[in-house]
Amino acid sequence: MRVPMSKVLVCDDDNDILDMTSMLLEFAGFQVITQINSNKVIDQAIAERPDVMLIDIWMPFPGDKLTRQIKQTPQLSRIPVVLFSAAINGKMIAKEAGADRFVEKPFDVENLAAIINSVIAA
Amino acid sequence: MLSPYAQQTLVNALPIGAAIFTGPEHLIGAVNPQMLAIWSKEADVTGMKLLDAIPEIRDQGFFELMNDVYTSGKEHHNPDGQAELLVDGQLQTKYFDLSFKPLRDSAGRIYGVVNTAVDVTERTLYSKQLQQVNEELSAVNEEMEASGEELRTAYDQLEHTHDTLVITSQIAELLLESAPVAVGVIDAVSFKIDTANTKLLELWGVDRQAIGKPLAEVLSSFESELLTNLILKVRDAGHSLYGNDVKTMIERGGAWATTYYNFVYQPIRNGKGEVISVQIVANEVTDQRNAKADVDAVLVQLHLAQKAAHFGVFDLDVVNDKLYWDERTRKIFGVDPDKAIGYSSDFAEGLHPNDRERTLQAVIDAYDQQLTGGVYDVEYRVVDAANGNICWVKAVGQVYFNSEAEPQRFVGTVVDITGAVEARQKLEASEVQQQELNEELSAINEELSAVNEEYQAANEELTAMNDELRSIQEERTLLHRELEIREERLRFAMKAADVGTWDLDIVNNQVSWDERCKELYGFSKDDVVPYEQVLKYMHPDDMPHVNEAVMYALDPASNGAYDIEFRTIGAEDQRLRWLHCCGKAFFDDKGSAYRFSGIAQDITVQKMQADELTLTLLKVKEKEEQLTSAKEAAQLGLFDWDLVNKVYNWDARFREIFNLPDQDTFQDNSVVFERLHPDDVERVRQAAKRSQTYDRSSGGSYDIQYRISATEHSPERWVRAIGKTLFSEEGTPLRFIGSVLDITEQKQEEQRRIDFIGIVSHELRSPLTSLNGYLQMLEMSAKKNDDQFTNNVAAKAKRQVGKMSSMITGFLDVARVGEGKINIDNKPFDMADLVKAAESESLATITSHTVIYHPVEHTPVLADQDKIEQVLINFINNAVKYSPQGTTINVSAVTQNRQVRVCVKDEGMGIPAKDLPYVFDRFYRVDGEHMKTTKGFGIGLYLCREIIERHGGKIGVQSTLGEGSTFWFEIPVTH
């Protein structure tokens, strides 16, 4: 029996990183949907109901604010959010925003996959 | 002789019928209820003659028997004695075990008879019936034997006789068995037991099977022999044998008891008159025997009592005028033991003439029942009829009356009390003599009293004078003591104050001084020196004004006052001393000073201290000025809260920063909190509260950064407040003081720096992120295609990216540290939660090592959680970095001595001992081949130390090269 793949919504305003991350996660066995415009994440998430969202912090509409909105949207509030960033205070921002986990860039794909799996399972 | 009362007591104590008869007429002296029942008489027979009381016995031999006892002293015991007595008006035959014994006085003379009686009528009647049956049996037997030859021919008659026999035998057995006494018949030839009732068998201690057997077979040899002998005696003598009070041991209720029996062994004869068997009748008299023993014991006791008390007994038969005196009474009156006594001839005549009338009157009074109730109690003198000696006697008696109140008997006792009376008389005589002497003494006493009064008056005067003198003396003594005490105190005070004394004799211009005063001048020689010599030892600069002061004191206008401080130069030791001298000059009538004396005290130390104080005050002033300029320069605002009275002081600068009204004190501190940024209000309140809560470890310190909200006139400000709470000894907060510094610009600058560092970090890392991602993709692709070369290249490129990333982090750390201090934002949290967060973080990210987190108890701390977590993560990352893959890392947090110690232990390469002291130093890196592959600037552990030390904690490492290291830190635990 084939286990259904977990669906990950990845949002980053850096197209290179968005591209690379989605490819790596697909390699790691996830179904990946992407969004470069952070303002559209809420609508897309409502439409596509991902199992988890991986969101960058430093974007025009910042990842921490987006996390707060997601957590306040009834349809999305139960979907885990993982913030990832190259910012040195990223971990603190993620914690204050109420994100489920934080991953520092550059990341190791194995660690990232492990964290994504752990938040889905939680 | 027993008194009537004693007699009655005696007979009442007996369980069987008993009576005491006295005199030849056998007067009933005492009789108990059992005897009255036997006689069928009432108690009023007491005092009557026997034959008057029980006339029906006149011709029955009892009177004669008692006469015999009374005259001969011989005891009579009469078992089954028969008496005909009037019961309910009819004469009845009764049987008694009777006993008659003589009653003797202390001289052994018989004065009465004791008679006891046990009613054995029933027993005797049975016995007689038995005898009758036996006699019948004997008759039959005789008949049988007489007509032996006729037997065969007269079979019918025999049969009839046999039947009669059987019936008679059965009746006999019945009678035998129901008899109240032990009864049995023994064959006088074969000594077999013909018959025996249960009582006899019981007496013998055998059962019914013994019947028909010879005595020798069923009884002990002793008993058997005794009984056989008795039977032989009866058989041979042909008459009955009696045995009274025969002692027998018998088993009753499982124990052997001593019993007494009266036995009758009676011969039973055949028709020829031969004794063919012997009937035994045994009646138990144990109770009677015991009672008799009791009577004997009482009699003996009474006799002894009489003997011991030396009293004599008299007993006067008033009616017959017969007087009985016992031996003792006779002795008192000097009458021969055998002489017949007469009331008048012996008693009345024997009394002392002076006492006779009185004593005889006492007897007459005793005879008057109404007057005295028969009581007689008198003391009199007796003239010894034999030798004429006089002795004093006390007589006590009781007269007994008949129903007409006529005196019948008068009995009592006499005691010789001559000794006591003589003693009493002597005492009385001595009392009279004493009385006379007393009177004489009294007269002398009165005279003495008069003299005494005179003396007393004189004495009182003397005493008054004496008291006055004593009080004066006491006053003087007290004053003297007071003076001594004062002197002593003064001496102590002078010694304690280190004071010396001096005295200037102005007339001779000589100074005398004590040892201490000489010391103060550094002088050790003469006690008296010229005044000029003293002046020499003064400091030259002070000499003029000392002189001036002395001159002033010697001027009468000054009233002699002298009080001055000056320096001396030690005469011998050249030491500089400061002296304080006080003195007074004394003037004569002409106003000329004649003496000038005082004290000197060394005040060198005080002077030096005062100089130092002056210097210190100057320095303080200088510092204050410096502080003020610093405060002004730093633009510090000051606060001072009186926590007891709730008064708040803020200086002008503080008020300016907080935009407060221009006033020195405030009664309410809410105005300050109203100015704060809403997000910071609670944090500031908590920090202030913590500072004002007594805690020795925190020492009431307060250090916080917060924002002041923007107003129309001023933008938002950042301030740093540093303060301290002062507590009483009991721990009550008293004051909360401190300063605030406007750090808005500093904050903005810091923010700009953080922003810059953040941007640099982000911008430098972003491309690395992409690069790293693509390299991982390449690596995965190569692995998938089994392209070893590409896989190796990608791995190496990825390591370089990692190195680059670390270098960027390192540069940022250096930049952060280099720019200034690390800000610590303390908040309460649980160390267990922090370790748990680290655990979940590492579980997801560390796959190369096994990280074991030991359970942590609830550990409250007040610290900057992010910074402490940064330290722990740093330790864990270092452990991963410097220990081989697959090894174990242990993380623990344990509280000890109010400090929580967090440890991270690895199984890595370890650190050389020489490097251990420096691993937490800035930019320090351990040299060695193995270190070349690791990255870093030596800034991470330095940062850790900075963070921990700012928390008032400790940090350290233990390490063994090749075995591993344990990094640890400690911070205080809150309550």
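Where helix α1(A) of chain A meets helix α24(B) of chain B, the two cross in a left-handed sense, and this crossing is a convenient place to enter the structure, which is a predicted model. Two packed helices are described by the angle between their axes and the distance between the axes. Here the axes of α1(A), residues 15-27, and α24(B), residues 744-785, come within 9 Å and cross at roughly 30°. Because angles under 35 degrees count as roughly parallel, that crossing makes α1(A) roughly parallel to α24(B).

The residues that make this contact can be followed on both helices. On α1(A) they are D16(A), I17(A), M20(A), T21(A), M23(A), L24(A) and F27(A), while α24(B) contributes S766(B), T769(B), S770(B), G773(B), Y774(B), Q776(B), M777(B) and M780(B). Sorted by class, the contact of these two helices has eight nonpolar, six polar and one charged residues.

From this pair of helices we can step back to the meeting of the two chains as a whole, in which 21 residues of chain A are in contact with 21 residues of chain B. On the side of chain A that touches chain B, α1 and α5 (109-121) each supply at least two residues, and the largest share, seven residues, comes from α1(A). By class, this side of chain A has 14 nonpolar, four polar and three charged residues.

Chain A also contains an open sheet, in which five strands follow the order β2-β1-β3-β4-β5 with parallel pairing. Its edge strands are β2 (31-35) and β5 (101-104), each of which pairs on one side only, and the twist from one strand to the next averages 20°. To see one pairing in detail, look at β1(A), residues 7-11, which pairs with β2(A) in the parallel sense over five bridges; within this part of the sheet, K7(A) stands opposite Q31(A) in β2(A).

Helices lie across these strands as well. Helix α2(A), residues 41-48, lies across β1, β2 and β3 (52-56) of chain A and runs at about 170° to β1(A). Helix α5(A) lies across β1, β3, β4 (81-85) and β5 of chain A, running at about 175° to β5(A), and this α5(A) is also one of the helices that supply at least two residues to the side of chain A that touches chain B.

Chain B offers a sheet to set beside the one in chain A: an open sheet of five strands in the order β12-β11-β15-β14-β13, with antiparallel pairing. The strands β12 (322-325) and β13 (375-383) of chain B stand at its edges, each with a single partner strand, so one side of each is left without a neighbour in the sheet. Neighbouring strands are turned by 20° against each other on average, direction ignored. The edge strand β13(B) pairs with β14(B), residues 390-401, in the antiparallel sense over nine bridges, and in β14(B) the bridge partner of E379(B) is K394(B).

It remains to ask how confident the predictor is. For the complex, it gives an ipTM of 0.87 and a pTM of 0.37. Chain B averages a pLDDT of 82, and 88% of the residues score at least 70. Among the elements of chain B, helix α6(B), residues 148-153, has the lowest mean pLDDT, 52, whereas strand β32(B), residues 899-905, has the highest, 95. Where pLDDT is low, the predicted coordinates should not be read in detail.

Methods: Residues numbered from 1 in each chain as written. Chains lettered and ligands numbered in written order. Predicted model: local features only at pLDDT ≥ 70, side-chain atom pairs only at ≥ 80, totals over all residues. Axes fitted to C-alpha atoms, helices over the stretch in contact; angles between N-to-C directions. Helix = DSSP H or I, 4+ residues; strand = E, 2+ residues; numbered from the N terminus. Parallel < 35°, antiparallel > 145°, perpendicular 65-115°, else oblique. Left-handed = near helix turned anticlockwise from the far one by under 90°. Contact = placed C-beta atoms within 7 Å. Nonpolar A, V, L, I, M, F, W, Y, C, P; charged D, E, K, R; others polar. pLDDT = per-residue confidence, 0-100. Pairing = 2+ DSSP bridges.
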